[in-house]
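Q: I have a model open and want to learn how to read its features. Where do we start?

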Amino acid sequence: MKKFLYTLILFQLVGCDSLDLVPISQRSVEGFYQNETQINQAVIGCYNGLRNALVSQQYSYMLTESRSDNTFQSLDYNDGNISRFSETSLLPILYTAWSNSYNKIQRCNKVLEELPKVEMNENLARQYEGEAKFIRALLYFDLVRFFGGVPVVTKSLTISEGYEVTRNSVEEVYQQIEKDLQDASQLLPASYDAANLGRATSWAAKGYLGKVLVYESGYPMNKNRWSEASTILKGVIDSGQFEFFEDYAEIFRHANENGKQSVFSLVFKSGAEGEGNPFPSRNAPNFVSRNEVPFGGSPYQLFLSNDLLQSFEENDLRKDAAIAMRWTHTSGEVIESMPYSKKYLDGPVAAASDWDINWIALRYDDVLMLYAESLNEIAFDPAGEAVAILNRIRRRAGLEPKSVSSQQEFRLWMEKERRHEFCFENQRWFDLVRTDRAMDVMKAFLAQYNLENAIPSKDRYIYPIPQPAIDINNNLAQNPGYN
């Protein structure tokens with residue numbers, strides 16, 4: 001099932017100067033991209049890059065989950081600056097996110113440039129084009145949410161061209177994302193054989209396209225794309241390809257990693273030269289017993305906030321499924337003061353941070369909830385389908401159904417359910433920003449630590465452009481609110 005992703009790529013897609021000149025593109029290895037096999041290897045390299053950007057790199061959760069009220073880090077250590085809104089353009093993790101993303105985008109661009117030159121089956125060529133565009137769209141989707149308007153680079157650039165690129169507007173970035181996903185939805189097959197499970201399908205492209213339209217309808221663009229989003233998301237729901245799991249904990253089990261709860265997953269395999277998933281042990285405490293977490297945890301764990309822990313309703317099954325409230329120290333002491341995320345803590349593991357379990361990048365539940373949100377924005381109905389969807393989510397969590405009497409009540413209800421449903425899946429901060437609730441929610445949250453003034457304006461909804469990128473190319477203007 002994971003065969004396609006484990007092809008050993010014995011070439012380097014980009015040059016050694018990639019991190020110094022981003023978003024300047026790099027030369028490919030001469031003589032590559034000559035046949036169907038090599039194009040397939042290059043596409044696998046694109047998937048590998050996406051997996052690295054969305055999961056394996058530390059910034060994937062530091063710039064998302066750590067920014068939200070789900071976690072808090074009081075020290076500068078690791079993600080402390082992000083958690084306390086004290087980051088500057090010199091924070092190394094920001095440049096890592098910027099350079100790594102453009103490095104992976106270049107892989108996709110190169111595939112798209114070389115693909116027309118290679119003779120191959122037409123359907124396979126369409127698939128490879130769709131995959132490269134799908135992956136590029138997801139990389140830009142993160143970039144625009146991290147930094148706002150960023151350079152849209154869709155071809156290989158010479159070094160001199162790289163020095164001249166400028167930032168596109170937020171709307172222009174979203175236009176490119178939308179175009180890539182629309183193309184991918186037409187180019188990609190609806191399914192694959194067992195040997196190719198994990199490759200993006202047309203349904204994955206449509207699911208992400210619906211999600212992107214929801215984001216475009218929120219802050220900062222506030223474009224009314226709700227009707228379009230609902231139509232696309234409903235198409236995914238009605239496809240019959242996906243399934244609502246009645247047991248929340250089962251969503252994240254290794255045995256179910258290829259299940260129909262996943263619209264798109266990133267495939268990992270342990271014991272295969274760095275192809276394993278670091279997420280399960282990365283979020284566990286550094287000194288957790290090896291009997292509870294094989295090979296132990298990590299100093300980079302998420303430090304969960306009391307605000308999150310106390311926000312769950314009594315008997316919410318999602319809390320027990322997602323959070324370990326007590327654990328055993330390697331010394332034998334039982335610790336009850338440092339809960340940690342235990343999502344995906346299941347399946348074979350070969351070494352520390354090397355788990356054989358896939359990461360669900362787009363859950364069917366997310367499609368359902370985004371569809372419900374779209375319906376509410378089109379027209380509030382206290383007895384409608386949107387309310388029914390959220391109550392289905394609640395019933396699975398062991399909670400009683402709710403009723404609301406206004407569109408705004410539904411919005412706040414959705415906000416709370418999404419917080420608990422997707423905790424530690426790198427969604428909370430993005431949800432707060434797109435609904436323009438980040439100022440209110442985070443000011444109240446940070447007040448507990450006497451940091452309510454740490455987020456003085458909506459400028460902090462995005463991060464500063466990394467200073468090393470500006471030093472290389474002074475055409476990249478800095479975001480407002482940052483020095």
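A: Start with helix angles: under 35 degrees counts as roughly parallel, over 145 as roughly antiparallel, 65 to 115 as roughly perpendicular and the rest as oblique. This is a predicted model, where local features need pLDDT of at least 70, side-chain atom pairs count only at pLDDT 80 or more, and totals for chains, interfaces and linings use all residues. Residues are numbered from 1 along each chain as its sequence is written, and side-chain values use heavy atoms, without hydrogens and water.

Q: What is the angle between α2 and α6, and how far apart are their axes?

A: Two packed helices are described by the angle between their axes and the distance between the axes. Helices (H or I, at least four residues) and strands (E, at least two) are DSSP runs, numbered from the N terminus. Axes are lines fitted to C-alpha atoms, for helices over the stretch in contact, and angles run from 0 to 180 degrees between N-to-C directions. Here α2 (residues 36-56) packs on α6 (residues 122-147) at about 20 degrees, axes 10 Å apart. The two helices are therefore roughly parallel.

Q: Is Asn-450 buried or exposed?

A: Buried means under 20% relative accessible area, exposed over 50%, partly exposed in between (1.4 Å probe, protein chains only). Asn-450 has 68%, so it is exposed. Its loop runs between α18 (438-447) and α19 (467-472). Its phi is near 60 degrees, a positive value in a residue other than glycine.

Q: What about Ser-353?

A: Ser-353 is at 31%, so it is partly exposed. Its phi is also positive, near 60 degrees. Ser-353 sits in the loop between β6 (349-351) and β7 (354-355).

Q: Which residues does a cis peptide bond join?

A: Tyr-219 and Pro-220, with omega about 5 degrees. Pro-220 lies in the loop between α9 (202-217) and α10 (226-238).
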